[in-house]
Every structure is written in structure tokens, then in C-alpha cells.
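Please work through the exercises below with the sequence and the structure at hand. Each task is followed by a solution in steps.

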8 protein chains.
Amino acid sequence: MTLKRLKETLNNFKEGEISEEEILSFLNDLPYQDLGFAKVDHHRVLRHGFPEVIFGKGKTPQQIIEIAEALAGQNPNFLITSAGSQVFDQLQSRYDTCQFHANCQAITVLREPVQEEKGKIGIFSAGTADIPVAEEALVTARFMGNQVTHCCDVGVAGIHRILDQRKVLRSCRVIIVVAGMDGALPSVVGGLVNLPIVAVPTSIGYGASFGGLAALLGMLNSCAPNVAVVNIDNGFGAGYIASMINQGKADS
Amino acid sequence: MTLKRLKETLNNFKEGEISEEEILSFLNDLPYQDLGFAKVDHHRVLRHGFPEVIFGKGKTPQQIIEIAEALAGQNPNFLITSAGSQVFDQLQSRYDTCQFHANCQAITVLREPVQEEKGKIGIFSAGTADIPVAEEALVTARFMGNQVTHCCDVGVAGIHRILDQRKVLRSCRVIIVVAGMDGALPSVVGGLVNLPIVAVPTSIGYGASFGGLAALLGMLNSCAPNVAVVNIDNGFGAGYIASMINQGKADS
Amino acid sequence: MTLKRLKETLNNFKEGEISEEEILSFLNDLPYQDLGFAKVDHHRVLRHGFPEVIFGKGKTPQQIIEIAEALAGQNPNFLITSAGSQVFDQLQSRYDTCQFHANCQAITVLREPVQEEKGKIGIFSAGTADIPVAEEALVTARFMGNQVTHCCDVGVAGIHRILDQRKVLRSCRVIIVVAGMDGALPSVVGGLVNLPIVAVPTSIGYGASFGGLAALLGMLNSCAPNVAVVNIDNGFGAGYIASMINQGKADS
Amino acid sequence: MTLKRLKETLNNFKEGEISEEEILSFLNDLPYQDLGFAKVDHHRVLRHGFPEVIFGKGKTPQQIIEIAEALAGQNPNFLITSAGSQVFDQLQSRYDTCQFHANCQAITVLREPVQEEKGKIGIFSAGTADIPVAEEALVTARFMGNQVTHCCDVGVAGIHRILDQRKVLRSCRVIIVVAGMDGALPSVVGGLVNLPIVAVPTSIGYGASFGGLAALLGMLNSCAPNVAVVNIDNGFGAGYIASMINQGKADS
Amino acid sequence: MTLKRLKETLNNFKEGEISEEEILSFLNDLPYQDLGFAKVDHHRVLRHGFPEVIFGKGKTPQQIIEIAEALAGQNPNFLITSAGSQVFDQLQSRYDTCQFHANCQAITVLREPVQEEKGKIGIFSAGTADIPVAEEALVTARFMGNQVTHCCDVGVAGIHRILDQRKVLRSCRVIIVVAGMDGALPSVVGGLVNLPIVAVPTSIGYGASFGGLAALLGMLNSCAPNVAVVNIDNGFGAGYIASMINQGKADS
Amino acid sequence: MTLKRLKETLNNFKEGEISEEEILSFLNDLPYQDLGFAKVDHHRVLRHGFPEVIFGKGKTPQQIIEIAEALAGQNPNFLITSAGSQVFDQLQSRYDTCQFHANCQAITVLREPVQEEKGKIGIFSAGTADIPVAEEALVTARFMGNQVTHCCDVGVAGIHRILDQRKVLRSCRVIIVVAGMDGALPSVVGGLVNLPIVAVPTSIGYGASFGGLAALLGMLNSCAPNVAVVNIDNGFGAGYIASMINQGKADS
Amino acid sequence: MTLKRLKETLNNFKEGEISEEEILSFLNDLPYQDLGFAKVDHHRVLRHGFPEVIFGKGKTPQQIIEIAEALAGQNPNFLITSAGSQVFDQLQSRYDTCQFHANCQAITVLREPVQEEKGKIGIFSAGTADIPVAEEALVTARFMGNQVTHCCDVGVAGIHRILDQRKVLRSCRVIIVVAGMDGALPSVVGGLVNLPIVAVPTSIGYGASFGGLAALLGMLNSCAPNVAVVNIDNGFGAGYIASMINQGKADS
Amino acid sequence: MTLKRLKETLNNFKEGEISEEEILSFLNDLPYQDLGFAKVDHHRVLRHGFPEVIFGKGKTPQQIIEIAEALAGQNPNFLITSAGSQVFDQLQSRYDTCQFHANCQAITVLREPVQEEKGKIGIFSAGTADIPVAEEALVTARFMGNQVTHCCDVGVAGIHRILDQRKVLRSCRVIIVVAGMDGALPSVVGGLVNLPIVAVPTSIGYGASFGGLAALLGMLNSCAPNVAVVNIDNGFGAGYIASMINQGKADS
């Protein structure tokens, strides 16, 4: 449920437009709505200003769709990550604005326009194969109302490519850096700008990359102190916390 | 060198108060000053608005002091982390305001007052033994001009202790969570507030904590999406990036 | 073989209803029945009060069925874990009460009603994707004659969901906590109740969860001292030991 | 604070023996007493029926003593694990009954006799070098009011030694097994008795024991299903949860 | 080539039955025969008294067959491990005595009877799922001319099963123990008999077995000193070295 | 773009054969050509004397082909590694000289003859299954204009096979050694010759080879000091750096 | 107790030289003698033909000496490994023949001459720093009555050194190979001789040797099939199992 | 022994200046000189053009000195790495030119001037704390007759520092890059120059650097293909192979 909708309902009650019974029923699901296999946390919108996001991995398509329906009952917009096309096929008939971001397997439904915040999030990814993870960050950050710019294939072995982006880098309020293999890009970017860097290691690589471990360790040991790291391939988390950092600027 | 000092010098030249020769000599060390064993990056203050911090580990006391002298020549204030008391003994005779933070082995010299920014950084540490890492974050964040509040011993096994802090948590712009052992605190805190969380795993623990690996992995796999992680025991990095997040709010 | 059946047979011999030859033949398989590829441990029922459970993984369907037949010859009820539907298809024609628990791939045959013990086992799982492991614990604990309650999707990132369950938690004699990713739930639950906690890490997660290693380490390093841990995804073991803890209460 | 003392105080208030002001002051520290560097959780005694135990590792002697004083103000008895002799030297002058268990570095203060529960906890350790960890479990379990028996040097490479103990094993309600190196003992013991086994891997070993990792993995992969595992060298945790299992039997 | 055949040929030359040219051509391939993608080491039979065994994994069926043909040109008997049924299909038409051991995917061709040595090798495997690895050891040891006995499903959680085998154990000259999961069986067997134990960890297990790592570490840390270990799932190596140990007894 | 082509174009401009506008357009893509999903680094030929190589893994066939086209616009010859046959099918219709090296999945297009350098690179691989990785090194080194010799199946367990190659070994300027399993070959080869050794661990093996980790560690710990190591299965990198070492000899 | 002594005592009883009471008292300690902190396994001499060896690591000097006294009461000879000089100082005053092997910290007491077996054990170590581990194997094997030859510094990077030893290698019945760093020596030796190889990885090395892990993995993945491995630095175990292999030859 | 000395001796014999007996005695130690605990490989100078280097770690001072004496008997110059000052104290009285390189604990004795080769080796180290490892490479490379330049503190977080060195980089024939923490520098340098890069990870760092593992993995996964890696902290190996690469240029 959006904060907006909660405020409206409270005011409707105050002004006598809905009965006590109606508002109590409305508030009943506020902490969470229990679907049996899931407790949909509608209260989150109060704590976080943002509804729960459905993480599709490990859930059956049927479970994803039921949770989506529960969210849709309380929120105009919602986001599903790591969803398959099977989920999309079922959802697009129900929601006109349903969109499938095939690269990163995310689904968005936007029944209300997203209001864009002022600050900009920059996403820089090291190699072509890192693009899907970068796109999950992109979809998430845009869904949360941020201006986002994405620049790909700027890995450190051709250092002039990232140096060329210095102007773009400095125009952002927060930077997401996505890299697999040696995970070296965040250290370089962290040294170039006076901004918080959210580093996302990817599982791209082979052999001694050990599924992204090499990139993860590289980023955790970055010699630039303005780098913090999220889980391997966690584009969603990077987009989410970058949005918080970006939007925190306005509200105080 | 501070931005302020660079601007003054450029204006002094413009207004004829110093000669071309003098300003060239001044600018000579701008990119970095070469001490032989170290290249002190005075240019950093332009890129990052903040002078290089001396990371003491692995350097000899003599090297630390020479780098400190080089920084002191260009900056009123400077910070040394992981310094020993031996370094402090030598520096305190030269700098009146030199202060040793024994818990975390950091040294600060503040010859100009630090101007305090508006937003607040909250530091929450799980156990008593995690305090030294939390204090490194505290010293760093205060040195960089942030309001900081620190609350310790609020680990999740007595959940009422962190729940009691909800009001404090919500008064901050960014939260640093410091925890060893299971590293579970950031997930709980991340769920309580709509703020970016910088999680610092510590090497506190024994056996299967494997020097902080357990806490590190726990934090990277946090089910709260607003958590990003720095290296084990890296209180300095947490304070640094939290400062960037906090202060980013004002400048756009 | 059940303890009951053994006692009956011994008494039948004592009262002359069966001959010495008959009882010797009966006792022949007592230590174990050798099927060539397996030694079915009928003696276990004497040591453990409970027949061997068939662990299906790594056995061919044919092997599973032969062991099941051997157990069925001595026990009214039996349990197979990690069995495929192929095994179920063959067993259900032979045993009326054969039931397939598809979520966790377990099969139960209950030809005698299970007598329910007094104490209650509570199972709390962190995410929707952890349900299959929780269900293996549930099926096992019910098969062994315990009252069981299961509550899912109470992960720590929405802490109010588990706090809501305090009353249920306190009504149990032993708690099973099932969680993947950061594995933080047992530490919180362990702090809330004065009960033994059996923690089950799951392989749910991605990237730095390393197949459940992160959750496993988190649980082993729990700051709550009333937490013991079983193998990753080992719902069966959790249900089994929880049953022992629960039923131990009555017999002394 | 003990439950007993809390009840007395409440009744004193009810019967007018203490004023409202007095009881409020008394209840003020109930959730926890804040020492600055630690929040002593006096509320624990209500949740867990047992005061907080002080884990000495990572705390300074001064911090340990201040926490001990805070606990001593509310509880007749308290326990400190991983304390050094330096702490003991200071405490024994203040508390007559203060006792140092040098093998495992634990300190107990028992100003009220511990009431012994009916069930028995059996501790079986594999090698002579595992004794300190076993003793930590012993001290903890005795402190919590359990009958405890300890039998050492019964590792599996001389299998007749543990087989000799079958009668003792079966006289217990819960078994703690302590083993380093291959960690094989819990699997054997788990097969011998129908009881919950709490397995404690130790860091005893060398080379490929990797600080207890080999024993830990062995125990987690035990083919006996009645085995749950605590952290490497965590004798305290084993004693604690075994006490809960043992004493749970009486109260329902 | 067999030692027998080499001796015959040398004598044939000595007695003039073959020319110098003929024997030189014969000796040409002695060190190895180069197939382009492989150097078939015919010299091995002189150094090891046994022809090279073809390890099928990672080779194409075509490569396996070409190497088999090269060996067949010099040796009456040969062995292929980790071969698929596709290789068998092609070889069985060429070699009457070709036999496929489906459990462990090994192929044997025995055109000359194997002469059985006096000592006996005992193979003891812990669980039903460990049988394929045990069978690879069995096939290898029999191929090399040893008496072999195999006893399966004698894991330590039902310790009476292995204790029942003491007589068989003592009738052997060397013991192979095959176990997955906790890998505890070799420690128990090592304590029961005064014989060298070759321990084979298997990849059987799940979760924290990490593909056999738990069993491997358990065996390397065995508290019985008469245990040496081969690679995970390496039934072939165990059979090979056990044969050397067994047959070494006769020749000195 | 080749250095040759750049020089020609610059001279054409100097001599008035192309206009300023034409040369500017030509130089526009010099640093890199932006395809949206990739920045093709044409500048590399100036820095490295060699165009970018397309690493096919993690890229879609369509992306590989577009990058190939971009390279083909500037370079007569190009190389794609880890490409599938699907990519080859599309490229061979466009480029006559397109060749698929099926063993290692590499594709070469050679529209200009490669000029062969004087020094020789020797590639020695330990087992038949290591051949694909060795061939990737071979294809790369030949593409870069080196004489290459490849000798396979010379693993250390039949030491006479590599000792036989001493003459070949000494005829080279740099040696590539490819080995899986124990990774022991580079130590032996490193001791035999006074040449730099580039060691390539492969993922060939099973069990405790852990995907090539065993071979990698073995090579990093080589007791021969003239060994440096590339990533597991990285035949391309080995061929590349060996080419640099070989060709460096001529130009100074 | 030695087998010899047991037989004598039984015959003394049979022939009336000692009473029933006397022999019962003598047999009382047969299974094991309980010292409180240790159960000395006198029965071992019957099962293994060899008394328990005292592994000194993790035991206090006092414990070692008490166990030594217990063994000395039943056996003429005994061996202590990983003992310190402090233990030696106390033992040498009591036992004339007490000898300290300082390199490997072992102590032997030989009050009866050791009878030498016919076969020979060869010990080959790779580097000078591996000698202490090799000496532990040497002391153990000699103590157990084997002829032993030791040849050191024959690592594979100077392959002619081990090739020079071929004659010695072939004169043995079993070979122990001791190596740190890359652990490559057993693969080469395994290929040279038709004998069982017991490989001992050592913790000698640095960096990516990870305390002997590299050598351990190398040996487990040896491409020679006649190699089995013991724990890192476990010279004692290698000597022990080699003795069993060597002496097994005589008794059948 | 130097090649020069061997040639002289052979010619002396040819020209009758020394007798057959004398040259045989001289040649006796050619393959290696056996010191009991070490086989000094004088033959190496023929195979490698360079005498054995003494690796001091794990050897006693006495052993180091004896090996040094043996080398000194055959070679004018020699090098000891990881030697302590205790060794130096004893050697400097015997060899005038004996020099201690305290930073990296290496000792050199140069009784003949080293002839400098034409090409230059560039050593670039990331941080001040990496200097000791870089110096081991420097000492080794100079000892072997190379021109060497060393530039320190050019880590990637201040990327302008390494970009400033492009001219120096390009003046070299081979580059050694030394870096701890994230190990990112080789990827950047590898992209800047068309030269072979020998990357040396160091153990500098803390927490998730895991003793240099992070830097090692980063370097192995470098996205620049001209990077090969040596062991953590292996400055000697880097200097050695770089020398071979550098000097290889001249001799063909």
C-alpha cells in the first residue's frame, strides 16, 4: 500500500466517508497479509515508503502470481525480480502496463506514473556479459523514481574508456559499478569521484573466478574507501540502496 | 591541501600577491608529492574534498610520520588509522591538537575546527567486543564533519534492545551497523528503517566465525535490500562512505 | 519391527504359542536383514524405538522399493525421504495409506495410526522458498507422533512478523527454525524463548550464499546459546532430533 | 535478576512493603542496564529463566568485572566463560564462593545453592586434548542445575571404550559429544542411543583439521539423525542447550 | 605389453627365431606408442608389471577406443574406467570377453585368465549409495589378480553391523573402506584391525558434505594411524594401491 | 585497426590523398567504437600492436557477430574464443577464410597472411583431456604470428615421456605447460630448461581437484622459480603472453 | 603390554605359578587403564601387535608423563610424538634408553632391542625444510622394527636427483614421499616404481600453499594410481602404515 | 659453478694443465653436491645459466651457511632469500661483498661484477606496504644482471599516479606489478602496455584479503590477457622469470 493511499483512507474515516468497520477491515492487513505460504508485508510501505519487491527465485510461478495479486490490491505499482517468462505470460493479461525486462528477467507493473527524483544514479558495468546484472539495477532504480544513466563495457583493461566518462560520473549523486572477473573497476571509479560507490560483483568469469568470489573479494578489499559491496549478481539490491542514497538527499 | 587553501593561492596569484614562480612551485606537488616510498596524493582534496587518510598497517612508524608531515604541510587536519602508540608519541610533541583514540588505534590532528554537517550518522554495534571497530567509524565520521551517535551492545539475541532504538534509528540519514559472530544485526536494522545501511562485519568470534567470514557472508546475504557491506573490521571505510552519503544530501 | 511386535512374539513363545524354531527364525533378522546392497537395521527399533528411515538420495528406485518391502515386513509404518514420484507410483498400488508429500519428496505409509505425544514442536521458516525443507521436518515430526505447528515467511527483515508469533513460540517444547540466505532467524528466535532451537540452514540464496554455507555459518555463530544446527537442507534430521527432545519429556 | 526475586519484589509492593517509587526504580533496569559499553540484559531471566552469561573473549578485564558487578546486583549466581586468571584475581576478593575452572578458563560465583534437576546430562569426549572444551560444557551444565557425568578419552579408534559406556549412555536424557580431528564420535554414539546428541567439534588436530573444520563438517554430515551441532570449541553453548533439553522434560 | 611377452621376444631373438630388424621394430614402441593425442606407455608393464589403465573421463569415445586398440596390440587384458556404454558397444563386437560393469562404468577385456594371488583384499562400504565407488575398487582389484571380498552398508551409525564383520576383516591383508557423508568408518575399522587401511571418500551426501570434502577431511584426520586416503570417488586408485600392498607380500 | 593501416591513412592525409574531414571521421572511432552493449577498443592496436580478441563466453551470438563486424571493419584478421558453432555458421558465409577450431571452440578469420616470427613457442600438455585448452593456446599463438610446436600426453607419472622432449624444449624461447589434476608438470619442465614457463591449470580432474583448484595451487607453489601461472583453462591468455615474450626478443 | 608378556602370564597361570587372583588383577587393565584424563588402551597390543603411541600435542607435560608411566608398566618400549624437551628432561632420568629426536620432537624409550624386519622402507623428502616430518616417519618406522633408508632434497625441479635414486627406490617394499609446496614428488616417484607410495604433504611453503593445502591437493590428485595420502605433517602416520605394509609381507 | 669456470676447466684439461684425475674430481660434484641435509645442484648452472638460489625459509641458519659455503666453492656470486640477520652476521665476516637487503631479508655476495643486460625490467608496486616484496624482485633481478627501475605507491585508487608512468612503462621489456588488497593494478597496467606482465600478489591487507587470496584471485582473473601470476609474496620468483624474459631477447 502506498503512503498516499493510507493517508487518504485515514482522512476518509476522519471525514466520515467510510465507517469504523470499513477502516478496521482496511487496517487488518496492514502489518502483513497472510497467504499461507507467504506473509505479504503491507506495512513496509510505512517503514520504507516502498512496497515489498517479489524475489522470484525459489518460488513457484503460482506463488509469485498470488503474491503479486496481494500487492496489486494495495499498491498501484509493483516489481518482480528473477521472474520467468511464464509468470509474465500470466500477468500481462491482467495488467496493461505489465512489462518484461528479458535481459534480467524482471517484471514491472506501473499503473501510476513514477515521479522522478532530482539526483541521478550512474551505473557503470565492466563487460558486455555484465549487462544483465546492471539492467536489474537499472530497472529497480527507475521503478523507484530515480534518473538513471547506464554506461557499459568500461572495464579497466582499456582504462581510457572509463576516464572518458569522468564528466558523466561527476554528474551523479551515487554510482553503481558492476563487474565480474577481477572486480577491479570500483577501485578505479572510487578514486575518480567524491561519491558513494555501490559495487556489484557478478558471477561472470571462469576458473578461479569461483562463481564471482574473485570479484567479490576484490571489491571488499578495494583501496578506495568510498566503496561498499552487495551480493554477487545482486543488481536489485544495488539499485535499491542507491535509490535510498539518492533520495535521502532531498528529505532533510 | 584543502580546497580553501588552493582557492586562496590561486587568488593570491591573480591579485599579484605571489609570483608566477611561487605559484608554479606550489602547484608542483599538486598531483602528488613523491617521498620515495610513497606518493602523497594532494590532488585528492580536489577530487574528493578530503585529504588522503594514512592507513598505518604495514608501514613503519618512520614512514607514517614522514607521510603525516607531508600531509600536514598542505592540510590543517589529518587522520591516521591503525597507528600504534609509538607514532602518537612522536606526533603529539609536534601537533598540539594531536589525539590518540586508543580503542581503535587512530590518531587525529585537528588544527582547524571541523564544521559539522546537518544530517546524522547512527552507529549501532552488536557486542561489547565490536566497539573498537565501531569507534574507528566514529572517529572517521566525526573527523569528516558529521554528527554521529553510537549505541552499542544491541545484538539480535536480545531483540528488545535494538527495538528500543527505533526513534534514534529514524533520526539518522544513514546507519552503520557493526557486528561479528553471526552478523545478523544489519538484516534486522535494514528492515526497521528506510535508510541506507553500511554493514561492517568484525573478526570477533571463534571457531566457525573464520576470522569474520561468517559475519561477512551473513551480511552479504542479508534479506534486507538496503544493506551494503565493507571489509571485515573496516570501520574507517564505513565511516568514510557514510559521510559521503550523509553529506551528499546537502549539495544538490 | 516395533517394540510392541517383539514383545508379543516373545510372549507367544513363552506361552507356547510358537515353537522354538519359529522364534529363532523370527529373531534371525533382528540385528539386520541383509538385502545384498543394504543391511536393513531392524534392531534399530529396540535401540531407538523407531524403525530406520529410508534416505532416498543416491539409491535407485528399485533399491528403495526393496528396502521399503523389508521394512514393511516388520513395521506397520515407514517413511522415505528424498524419494521421487517414480517410487511413489510403485508403492501406492501396494500400500493403501501411501502418501506423497510432493513439496519435499517424502513418502509415508501409515498402516497404524500414529499416537500423538503431548508436547508441541514449532517450525518457523524464514522465506517462502524455505518451505520444502520445513515440510520435510513437518512430515518427519508428525510421522514420529508429535504435535507440530508450522509458521512460514517470518524472516528477520520484517521483524514484526516473528514478534507476532511470541505466543505460539512459547506454547512449544522445542523449536525448529528453517532459514536460507543470511540464516539470521535462529539468533532472534533463540533470544525470544527459553527453549532449545534446532536450526536448519537451507541452500536458498545465490552468489555469496555458496549453497547454504552463509546460512550455516551464521547459525553456528549464533549469539543465542540455545541454538544447535543440522546440515544444510536437512529437514528430516531437524524433525527427528526435535521429536527426541519433545518426547524425552514424558518418559522420566 | 532471578524470577524469584522479581516475584518477591512485586509482592512486596502489593503488600505495601515498598513504595511505588521504589518499585519503579527497581523495574527501571528490567529490560537492560546500560553500562555504556554494554547493555546488561536483566530481562533475560524472565524470558530464559536464567541470567545472561558473560562471554569473556574480546572484552577487557575491566569490562568483564563491571558487567559481573551489574549481574551480581540482581542475581545471586553468575557465570563467566573465557575469562582469564586476571579477572579471577579481582573477583575472588569480592565473592567468597568465586571459583576458577582453570582448564576451561571459566569463573562461577554461587551465592545460592544450585537446585539439581532430575535428568542427567552425559558428556563424552574423544581425546585427552578435548577435555577443556568438555569441561566448559560441564561447568555450564552444573551451574544451570543439572546432574552431569563426564567420560573422557573414548574416541572411535578404540571402539571398545565407548561400547563399554552403553549403560551410562542410556542413563542420560541428553548427550554431549566433544571431539576434534575426524569428529567421528557423535555418529557412533548417535547410533547407540535413542537420545538427542549435542555435538561439539573442537579445534584439536593439525594440518587438514583446519582449526576444527574437519570435525565440524564430519558432525554436520553425521549419518545418525539425532545429532545437532554447535560451534567449534563451544562447550558453553552445548552445556546450555543440553540443560534446556534436560530440564524441559519436567515442566509440561 | 606383458613382461612375459617381452621375455619371449628377447629369447626368440637370442635363439635366432626373429631377426635383429624384427626385434628393433618390436622395441621401437617400448617406451611409448605415440597416437598423436596420447602416448601409450607400453614401458609401464616393465616398471609396474601392469599395463596402463585407460581413464575414460575427459576423453572422447573415439580416443578411448584408439588407446584400447593400442593396448590390445601389446597386452592380452586391459581395463577402462569411467567409460560410457557407447564405448562398450563398440568394443564388445571386437573382444569376446569384453565386460561392462554398469554400476561403476568400467570395462574389462580378459583374453587371458587372471592368476589369483594368495592374500585377500576386503572392501567395506558405508552406505548403499557408496556401492558404485566400491565396485570400481572391486573390478580393479580383481582385474589385477586379487581375491576380493565386498561387504556393504556397514556405516558407523549402526555399529553392530561392522563389529559383526571382525572375522572377515581379520582374514584380509589390506582393507579398502569406502564412505561418504561423515567419512567416519575408516577410523573405526582402523582401530579394529592391525592392517593397512586405504580410505576412499565419496561424493555421496548433500549440503555441508561439499561434494565429498567432509568425508575427505574426516579420513585425513582419522585418529587411527593405519589409514591413508585417496581422492574422492577414486575407487580405481584404491583398488590399484591395495593390490600393490597385497601382492607385495609374496615377492620378498 | 592495424598499425600498418593507421600509418597508411596518416600518410594519405599528409600527401593530400584524403581530406581533413575524411581523416577526422576515420580517427573518430580510434579510442573505441560504441556499439551500445560494447565499446570496441580499436585503439588497442596502437597500444598492443594487436586488435581486441572477442571472448565469446557470456555474450549472445548476436553480440559476438556485431563486435566481429566492427573489428572486421578495421582489421584484416580477428580471433573469437569460446564461440559456439552457431556463431561460426553465421560468420563463415561472410568471411571465406573463417575457420572453426572445434576442440577449443575458437574461430579465426585470416584475410591477410600472418607473418611468422623467428622464435618458437613450445606447448606441452599433460593428458589427453587437457588438449582442448592447449589448442586454444596454439590457435592464439599461431594467430599472433608465432611458430608453435605442441606435444601432448607427457604427464609426470611417466617421466620418460617429458625427458624425451628435452631437445624440443630447448629449441623454444618460451614454454606453455598445460596440466590438470596435480598440476605437477610445470615444476618438472621448469627445472629442465632455462626458459620462462607459462603454466595453465585445467579443470580436468574430479573430486579433490575442485574444478582445477588443485592444479592451480600446485603451479603457484612450484619449486621451480621460472614458472608464472594464468587462470584455470585460460589457454588464450597463455598463448597471448607467450607471444609477447617470444616477440619481445626481436624488437630491442 | 606386549603379546609376549601376555602369553607368558597366561602360561604362568596355567602352570600354577601365579594364582587366579593374581591373573585376574593382571587382566583387569587389559581393555584399558583409566587414568581419569585418559584411557590407556593396553588391549591395542593384542589387536595391533603394537602399543598405543602417545601423541603429545594438546596434552600437558604432566599428562604425557602419566600416560608414559602407564605404558611403561606394560611395555618395554614406547614412543611419544610431538613431545617437548620438557617432557624429555623428566623422562630421561627414569629411563636410561630414553632418546630425544629433536628435529621432530619425538621421544623413544627402547628397553628391549627392536627386531628388524626384512623388507625396507624408503623415505624420500623434497626439500631441506621437509626433513623434520620425514624424520618423524623415520623414527616411527625404526621403532616399529623396520629397515629404513632416508634420502632428502630430491624435489622435482632438479629431476636428475630423484632419477639418480632409482636403484634405491626399487630396493624398497614401500615408499614414503614427503613434500611441501607443490607436492609434486609423489606423482613422479609413483610413476618410477611398482610399489605402494605413502605421500605426506607438509606445511612447508608460504602464500598460496595455505598451510600445506596445495601439497595435499596435489597429492590427492596424483596421476600415479599407486599413491595414498596422510594428513599434512603426519610423519608418524606415514611411518606407521608403511610399517604395516612392509611387515604384512612376512605373515601370510 | 659458472659456465665460464666449467669451460675454463675443460680447456685446462684439454691443454694438459690439469690431469685426468683432477678433472674427474672436479666433475664429481657436477650433478649435485650432497651435504646430507641438502643436495646442492651445481648442474643447474649448465641447465639454467644461473646457480641455485638459497631459499632461507624453513632452513636453520647453520644449514643456510653450509649451503652458501658449498655454492661459494663453485660460484663467485650467490643469493640467499628470506635469510635472517643472524645468517648475515656470520657471512659478512667471510665475504667482503656480502650485503644485507633488510627490507626483504635477502643477502647477496658479489665477488665478480654483474654484467648488465640491455633490456630493462620495470617494477611497479601499489602501496608503501608492498615495497618489501617489490624489493625482493629488485634484488633478484639486479643480481641476475638486469637493468631495473622501481616505482612505488601507484595503486589504482589514484589512477593519475600510474598514468604518469606511461613513458617509463613503455621503456621496459617486461613489467613486474606488485599489489596486495584488491590486486587491481596488473589489469590496469596490462591494458596500458604491449608487454608481458608478471603479477605478484602480496599478503598486505586484512579481513577478507585472507592473506593475499583476494589479490591472487583478482590477478588470475585479470581482464588483461598479458598477465601471468606468481605465488603470494613471491618477489624472488617474479624477478627470476622477468630476468629470463628480459634476457631471452638477446640470445636468438
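The exercises treat a predicted model, and they cover cysteines, chain interfaces and selected loop residues.

**Exercise 1. Cysteines**

Determine how many disulfides the whole structure contains, and examine C172(A) and C98(G) individually.

Solution.

Step 1. A search over all chains returns zero disulfides.

Step 2. C172(A) takes part in no disulfide, and the nearest cysteine sulfur, which belongs to C151(A), is 10 Å away. A disulfide requires two cysteine sulfur atoms within 2.5 Å, so a sulfur at 10 Å does not qualify.

Step 3. For C98(G), the closest cysteine sulfur is that of C104(G), at 13 Å, which is too far for a bond.

Step 4. The surroundings of the two residues can then be classified. C172(A) has a relative accessible area of 5% and is buried. C98(G), at 10% relative accessibility, is buried as well.

**Exercise 2. The interface of chain B and chain A**

Describe the contact between chain B and chain A by its residues, buried area, polar pairs and contributing elements.

Solution.

Step 1. On the chain B side, 32 residues are in contact with 32 residues of chain A.

Step 2. The area buried between the two chains is about 2,700 Å². Carbon and sulfur atoms give 61% of this area.

Step 3. The search for salt bridges across the interface of chain B and chain A finds zero. Polar contact joins three residue pairs between these chains, counted with both residues at pLDDT 80 or more.

Step 4. On chain B, the elements that each supply at least two residues to the side touching chain A are α3 (44-48), α9 (185-192), α10 (213-220), β11 (227-229) and α11 (235-248). Of the elements, α11(B) gives the most, with seven residues.

Step 5. By class, the side of chain B that touches chain A comprises 17 nonpolar, 11 polar and four charged residues.

**Exercise 3. The partners of chain H**

Establish what separates chain H from chain D and chain E, and then characterise the interface of chain A and chain H.

Solution.

Step 1. Chain D does not touch chain H, and the nearest C-alpha atoms of the two are 14 Å apart. Chain E does not touch chain H either, with nearest C-alpha atoms 20 Å apart.

Step 2. Between chain A and chain H there is contact, with 24 residues of chain A facing 24 residues of chain H.

Step 3. About 1,900 Å² is buried between chain A and chain H, and 71% of it lies on carbon and sulfur atoms. A157(A), D182(A) and N221(A) supply 30% of the area that chain A buries against chain H, more than any other three residues.

Step 4. Zero salt bridges are found across the interface of chain A and chain H. The count of residue pairs in polar contact is 10, with both residues at pLDDT 80 or more.

Step 5. On chain A, two or more residues of the side touching chain H come from each of α9 (185-192) and α10 (213-220). The element that gives the most is α10(A), with five residues.

Step 6. The side of chain A that touches chain H divides into 17 nonpolar residues, six polar residues and one charged residue.

**Exercise 4. Positive phi angles**

Locate F210(B) and Q105(E), each of which has a positive phi although it is not a glycine, and state how accessible each residue is.

Solution.

Step 1. The phi of F210(B) is about 45°. This residue sits in the loop between β10 (197-201) and α10 of chain B. With 28% relative accessibility, F210(B) is partly exposed.

Step 2. The phi of Q105(E) is about 65°. Q105(E) belongs to the loop between β5 (99-101) and β6 (106-110) of chain E. Its relative accessible area is 31%, and Q105(E) is partly exposed.

**Exercise 5. The surroundings of N234(C)**

Is N234(C) buried or exposed, and which residues are in contact with N234(C) beyond its neighbours within four places in sequence?

Solution.

Step 1. N234(C) is found in the loop between β11 (227-229) and α11 (235-248) of chain C.

Step 2. The relative accessible area of N234(C) is 13%. Buried means under 20%, so N234(C) is buried.

Step 3. The side chain of N234(C) reaches the backbone nitrogen of G237(C) at 2.8 Å.

Step 4. Once neighbours within four places in sequence are set aside, the contacts of N234(C) are E136(C), V200(C) and Y206(E).

Conventions
Residues numbered from 1 in each chain as written. Chains lettered and ligands numbered in written order. Predicted model: local features only at pLDDT ≥ 70, side-chain atom pairs only at ≥ 80, totals over all residues. Heavy atoms only, no water. Buried < 20%, exposed > 50% of the residue type's maximum accessible area, 1.4 Å probe, protein only. Contact = heavy atoms within 4.5 Å. Buried area = accessible area lost by both parts, 1.4 Å probe. Salt bridge = Lys/Arg side-chain N within 4 Å of Asp/Glu carboxyl O. Polar contact = N/O pair within 3.5 Å; in protein donor to acceptor, adjacent residues only side chain to side chain. Helix = DSSP H or I, 4+ residues; strand = E, 2+ residues; numbered from the N terminus. Nonpolar A, V, L, I, M, F, W, Y, C, P; charged D, E, K, R; others polar.
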